[in-house]
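Work through the exercises below with the model open. Try each task before reading its solution.

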Amino acid sequence: MEWFTAENLIAVVTALLGVLVSIGVAWYQWWVLRQRRIGYRVQLDTYIGDGATAGADGSASGSAVRRGYFDTSPDLEDATLVLLRIENDGAVSVTADHYTDGDDHGLTVEFGNRHVKAVVVTAPDHPRLLSHFPANWTGPAEGATSILLPKVPLNRGASYKLLVLLGGGPTGGPVTVDGSIAEGRVHPNRSITPDDKLPVFSRAALTVTVLLTACVVALAAIIVREETPPPIGCVRGALTVTGSTAFAPVVRDVAKKYEKDCPGARVTVEARGSTTGIRELALTGEKAAGDPPSVVVFSDGHKPNGFPRLRESPVAVSLFTLVVHDGVPVDNLGRAHLRDIYRGRITNWSALGGPDLPIRLVSRNAGSGTREVFQRRVLGRNEPGSSSLDCVHRTDPDAKVTLCEVDSTEQLLATVARTPGALGYSELRAGSALEGVHRVAIDGRDADVDGPGAPGGTGYPYREVEYAYTWDEPPADSPAAAFLAYLTRGGGQDLVRRHGHLPCATPKGLRACGEE
């Protein structure tokens, strides 16, 4: 099994991210939040005098509209107001003993270059805290830039505020709170004003959510990318299919579909005739040193005798048909007429109700399974020997018929189509248009896989079981075994029927294959 794949990588990243988030949450809960923490934030920093209109960066920030005391007092020309909130934002309480800065104070508030004019301490939510600011707490000295705060104990969530009147500086200057807390720290908070809108998710939560979503989407995209799973028993590797040229159109279509459904499989179709393919497989198998050849041979009918190590598998009942040139308007021939034609007793179509044209026979070579089936099931004897090279002129003046031989079904169909008066035979090729030729019934029965003359029916004679042959029994995990399983029991069955053949694995085909 290959572990280093995109699916596994994303799955591992997602799992690690989940583990790290869990660890981070636990660490934050049990370490960060368990610390003693005093936080502070500036909730207001505004000017109340004309002399304080310049910001900390030197830019003008406008003028104030003053009335009453603020307008009449000359000491407020450069005054600013700061509202500072101090709170316990940790998970545990802070007592007076936890302040370690000094004996007389707990925290120090620094205002930079601005000096303190006055201060007001408020605790509207926790009024008892004000008792820790006694009457002897003098607050800041005149002109001081800092305030020393007493050691105010703060329970979790408790807070108080300082409203400080400052002079001598612009708004926006630094405001800091310093101090030492045993097993804790003092830190600034983010200021939340009434106009601020709190985010639905924190930045950390949003980042984790986006990363997890991206991992899940990527993993789903990889899984959905393969719309259909490969067929059961799919095996990678190369396979050569040879043998019957009549069954070759089926094999080519099945091979294309198999390669599409089974990535990594490569099927080469080299049809050279049933007997030729069987002999080549036997020769290749004998030369192989213990490793069976990755070859499947298809044959129209049983193999010849003398090949004991070839293993036979019935595939389908194949139907064959007679074909004639389109210039001959004959659509039915009896077997008696056919025997007379091949014996040379009938040599002109006019004797059969056709035009005055000589009958020219186009046959397959001696290694053809289609020819062997025609001789055995239709003629009842062997065909005469070849007497013509071009299917028109006889090379043997003593021959009773004009007969030529070709190597494949495609060559036969092309020769009949271009030769006036020509007669030949082919596999059915249902669903395919035949150019220049038309099919001819035998004894009034058409070749039809579902018709009355079909296999298992009332005797259409020109039919045969298509067999697949391998060298010995191929291993179950071999390309040959996988391809045959796909052809006979898998997705190849529909293509077999589409070409006009009857698969042996179907109930009707099982009966028909057993009758042959």
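The exercises go from the whole chain to single helices and residues.

This is a predicted model, in which local features need pLDDT of at least 70, side-chain atom pairs count only at pLDDT 80 or more, and totals for chains, interfaces and linings use all residues. Residues are numbered from 1 along each chain as its sequence is written, and side-chain values use heavy atoms, with hydrogens and water left out.

**Exercise 1. State how many helices and strands the protein has, and what share of its residues is buried.**

Step 1. Count DSSP runs, numbered from the N terminus: helices are H or I, at least four residues, and strands are E, at least two. The protein has 11 helices and 19 strands.

Step 2. Apply the burial cut-off (under 20% relative accessible area, 1.4 Å probe, protein chains only). Of the 516 residues, 43% are buried.

**Exercise 2. Describe helix 7 and its two ends.**

Step 1. Helix 7 spans residues 369-379, and 8 of its 11 residues are buried. Among them are Arg 371, Phe 374 and Leu 379.

Step 2. Look at the N-terminal end. Ser 368 caps helix 7 there, with a side-chain oxygen 3.2 Å from the backbone nitrogen of Thr 370.

Step 3. Look past the other end. Gly 380 follows helix 7 and has a positive phi, near 75°.

**Exercise 3. Work out how helix 4 and helix 9 cross.**

Step 1. Fit axes to C-alpha atoms over the stretch in contact, with angles from 0 to 180 degrees between N-to-C directions. The axes of helix 4 (residues 248-261) and helix 9 (residues 479-489) come within 11 Å and cross at roughly 110°.

Step 2. Classify the angle. Helix 4 is therefore roughly perpendicular to helix 9 (65 to 115 degrees).

Step 3. List the contact (heavy atoms within 4.5 Å). Helix 4 contributes Val 251, Val 254, Ala 255, Lys 257, Tyr 258 and Asp 261, and helix 9 contributes Ala 482, Phe 483, Tyr 486 and Leu 487.

Step 4. Sort these residues. The contact of helix 4 with helix 9 has 8 nonpolar, no polar and 2 charged residues. Here Ala, Val, Leu, Ile, Met, Phe, Trp, Tyr, Cys and Pro count as nonpolar, Asp, Glu, Lys and Arg as charged, and the others, Gly among them, as polar.

**Exercise 4. Place Ser 274 and Thr 242 in their surroundings.**

Step 1. Ser 274 lies in helix 5 (residues 274-287). Ser 274 counts as buried because its relative accessibility is 2%.

Step 2. Leave aside neighbours within four places in sequence. The contacts of Ser 274 then include Gly 243, Phe 298 and Gly 369.

Step 3. Thr 242 is in strand 9 (residues 237-243). Thr 242 is buried at 6% relative accessible area, and its side chain reaches the backbone oxygen of Glu 270 at 2.5 Å.

Technical notes: Buried means under 20% relative accessible area, exposed over 50%, partly exposed in between (1.4 Å probe, protein chains only). A polar contact is a pair of N or O atoms within 3.5 Å; within protein, one must be able to donate a hydrogen and the other to accept it, and residues adjacent in sequence count only if both atoms are side-chain atoms. Angles under 35 degrees count as roughly parallel, over 145 as roughly antiparallel, 65 to 115 as roughly perpendicular and the rest as oblique.
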